[in-house]
Amino acid sequence: MFSGERFVSAAGESGPSAAGMTADGTAETPAAVPGAGMVADSGGAAGPQSRTTDIVPGPGGVMTDEVGVVTGDLTLRTEYADGTVTVRVQYKDADEWYVVTGTSVTLADPAGLDAVHGVAVGLLNRPEG
C-alpha cells in the first residue's frame, strides 16, 4: 500500500486499501458497470465467422456445386454460421462465390474454424501442380 492511500467502502467508511481489500481483510464491493463482460453486437463467439486465403488449385481445379470445376487464381473462404462450416471459392476479385462440393458440414465448436480452413487450404492450394 502506498502511503496516504485510502478507500471508501460501500457503507461510506474510509480506511487504507491494498489491491481491492479493505483494512479488515474483506474484499471491497465491486462497482456495477453497465455492459461489463458483454460482447458487442458482432455475432459473439458463436456468430458468423470466416477465414479467407488466395489459392491456386492443382490440375483439375476445384469442384463446386453451382458451376462445376473452377481453375486459375481463386480465393478460398471457410465460413462458420449456425453450427455449420462451409468452404467456398471465387475467381480472384470476382463477386460470385461457389460452394466447394462436399464441404458443408456440422462443426460443433467454432474454435475449430482455423483448423478446418487450414486443412482446406492445404488440400486445395497446389500452385506447383
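# Salt bridges, core and pocket in a predicted model

A search of this whole structure, a predicted model, finds four salt bridges. Let's walk through them and then move on to the core, the pocket and the loops.

Q: Which residue forms a salt bridge with R51, and how many residues apart are the two?
A: Side chains of opposite charge can pair when their charged atoms come close. Here the side chain of R51 meets that of D114, with 2.5 Å from N to O. R51 sits in strand β3 (residues 49–55) and D114 in helix α1, so the pair links distant parts of the chain, and this bridge answers the question with D114, 63 residues apart.

Q: Is R51 buried, partly exposed or exposed?
A: Buried would need under 20% relative accessible area, and exposed over 50%. R51 has a relative accessible area of 27%, so it falls in between. Its partner D114, at 48%, is also in the middle class. The answer for R51 is partly exposed.

Q: Which residues are linked in a network of salt bridges?
A: Begin with R77 and E79, whose side chains meet at 2.5 Å, N to O. E79 also takes part in a salt bridge with R88, where the closest N and O atoms are 2.6 Å apart. Joining these pairs through E79 gives the network: R77, E79 and R88.

Q: Is E79 buried or exposed?
A: The cut-off for buried is under 20% relative accessible area. E79 comes in at 18% relative accessibility, and R88, one of its partners, at 23%. R88 therefore counts as partly exposed, while R77 shares the class of E79. That class is buried.

Q: Which element supplies the largest share of the largest nonpolar core?
A: In soluble globular proteins, nonpolar side chains tend to be buried together. The largest nonpolar core in this model has twelve residues: I55, V62, V70, L74, L76, V87, V89, Y98, V100, A120, V121 and L124. At least two of them come from each of β6, β7 and α1. With three residues, the largest share belongs to α1.

Q: Which residues does A120 contact, leaving aside its neighbours within four places in sequence?
A: A120 is one of the residues of the largest nonpolar core, and L76 and V87 are also in that core. Both of these appear among the contacts of A120, together with one threonine. The full set is L76, T78 and V87.

Q: Is H117 buried or exposed, and which residues does it touch beyond four places in sequence?
A: H117 has its place in helix α1. Its relative accessibility is 8%, which means that H117 counts as buried. Not counting residues up to four places away, H117 touches R51, T52, T53, L76 and T78.

Q: Which element gives the largest share of the lining of the largest pocket?
A: The largest pocket holds about 150 Å³ of space. The elements giving two or more residues to its lining are β7 (84–91) and α1 (113–124). Five of the lining residues come from one element, α1.

Q: How many residues in the lining of the largest pocket are nonpolar, polar and charged?
A: The lining is made up of V85, V87, V100, T103, V105, V116, V119, A120, L123 and L124. T103 is the polar residue in that list, as threonine is not among the nonpolar or charged types. The division is nine nonpolar, one polar and no charged.

Q: What is the phi of D82, and where is D82 found?
A: Most residues other than glycine have a negative phi. D82 is not a glycine, yet its phi is positive. At 77% relative accessibility, D82 counts as exposed. D82 is found in the loop between β6 (74–81) and β7, with a phi of about 55 degrees.

Q: What is the phi of D93?
A: D93 is found in the loop between β7 and β8 (98–99). Its relative accessible area is 69%, so D93 is exposed. Although D93 is not a glycine, its phi is positive, at about 70 degrees.

Q: What distance separates the C-alpha atoms of D109 and T84?
A: D109 has its place in the loop between β9 (105–106) and α1. At 45% relative accessibility, D109 counts as partly exposed. D109 and T84 are 25 residues apart along the chain, and their C-alpha atoms are separated by 9.5 Å.

Notes:
Residues numbered from 1 in each chain as written. Predicted model: local features only at pLDDT ≥ 70, side-chain atom pairs only at ≥ 80, totals over all residues. Heavy atoms only, no water. 1 Å grid on protein atoms, 1.4 Å probe; cavity = no way out; pocket = protein on both sides within 12 Å on 5 of 7 lines; lining within 4 Å. Points joined across faces, edges and corners; volume = space filled by probe spheres on them. Helix = DSSP H or I, 4+ residues; strand = E, 2+ residues; numbered from the N terminus. Buried < 20%, exposed > 50% of the residue type's maximum accessible area, 1.4 Å probe, protein only. Contact = heavy atoms within 4.5 Å. Core = buried A, V, L, I, M, F, W, Y, C linked by side-chain atoms within 4.5 Å.
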